[in-house]
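Here are a few exercises to work through with the model open in your viewer. Try each task before you read its solution.

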Amino acid sequence: MSTPTETGFIRASHLDFSKLIEKAKASERKRHLLRLHPNHEAELHTMINVFCKGSYVQPHRHLVTDEAGKLTTKGESFVALQGKGRIIQFDDDGKILDVADLDAEQQSMLWIPYHCWHTVLALSPIFIVYENKTGPWEAETDKAFHAAFPAEGEREVEAYLETWEGLAGA
């Protein structure tokens, strides 16, 4: 695993996964992200994202208007590298619109348009994805969180995860 720099190749392989998995397991959020792009200002953000079963990602979308009225739209794509996971799409009221299961053994891939409310969860003990998203990254405008769902760390999170894990995927 190499460190992102402004010039030169940035490398990662499945041989690095064990280190990333240990970091995810040790994380309070039960996930870890390895940034492969050189900096937050990069036009393309490329990451390895490791999710442990039980990690809660608050439903969100990448359609944000900041205080100055600037609109940010960021689609993202996932390629399953290890394990199984699920991406769920919601409408504005929090109703489930679509469920997509990704499986590394099937080389599953998924594109998520910027306007889609979605969440990601691990179905296997470890779920690793290769993720691309347009940059740059700014914390205030990267994502809007869906108001119908609890924030990370809130009491209701476990019930949502249990429900979402029990859904039939496609």
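The exercises below concern a predicted model, and they go from the sheet to the pockets.

**Exercise 1.** Work out the strand order of the open sheet and find its edge strands.

*Solution.* Start with the order: 5 strands line up as E1-E2-E11-E6-E9, with antiparallel pairing. Next, look for strands that pair on one side only; these are E1 (31-35) and E9 (109-112). Finally, follow the twist from one strand to the next, which averages 25°.

**Exercise 2.** Examine how E2 and E11 pair, then place helix H1 relative to the sheet.

*Solution.* Take residues 44-52 for E2 and 126-134 for E11: the two strands are joined antiparallel over 9 bridges. To check the register, locate Thr 46, which sits opposite Asn 132 of E11. Now add H1 (residues 17-26), which packs on the sheet and touches E1, E2, E6 (76-82) and E11. The direction of H1 makes about 65° with that of E2.

**Exercise 3.** Describe the largest pocket by volume, lining and residue class.

*Solution.* The volume comes to about 610 Å³. Its lining has 27 residues, with Arg 29, Leu 33, Asn 49, Lys 133 and Lys 143 nearest the centre. Sorted by class, the lining holds 8 nonpolar, 10 polar and 9 charged residues. As for strands, E1, E2, E6, E10 (117-122) and E11 each contribute at least two lining residues.

**Exercise 4.** Do likewise for the second largest pocket.

*Solution.* This pocket encloses about 200 Å³. Its lining includes Glu 28, Arg 29, Tyr 56 and Glu 158. The class tally is 2 nonpolar, 3 polar and 6 charged.

Methods. Residues numbered from 1 in each chain as written. Predicted model: local features only at pLDDT ≥ 70, side-chain atom pairs only at ≥ 80, totals over all residues. Heavy atoms only, no water. Pairing = 2+ DSSP bridges. Helix = DSSP H or I, 4+ residues; strand = E, 2+ residues; numbered from the N terminus. Axes fitted to C-alpha atoms, helices over the stretch in contact; angles between N-to-C directions. Contact = heavy atoms within 4.5 Å. 1 Å grid on protein atoms, 1.4 Å probe; cavity = no way out; pocket = protein on both sides within 12 Å on 5 of 7 lines; lining within 4 Å. Points joined across faces, edges and corners; volume = space filled by probe spheres on them. Nonpolar A, V, L, I, M, F, W, Y, C, P; charged D, E, K, R; others polar.
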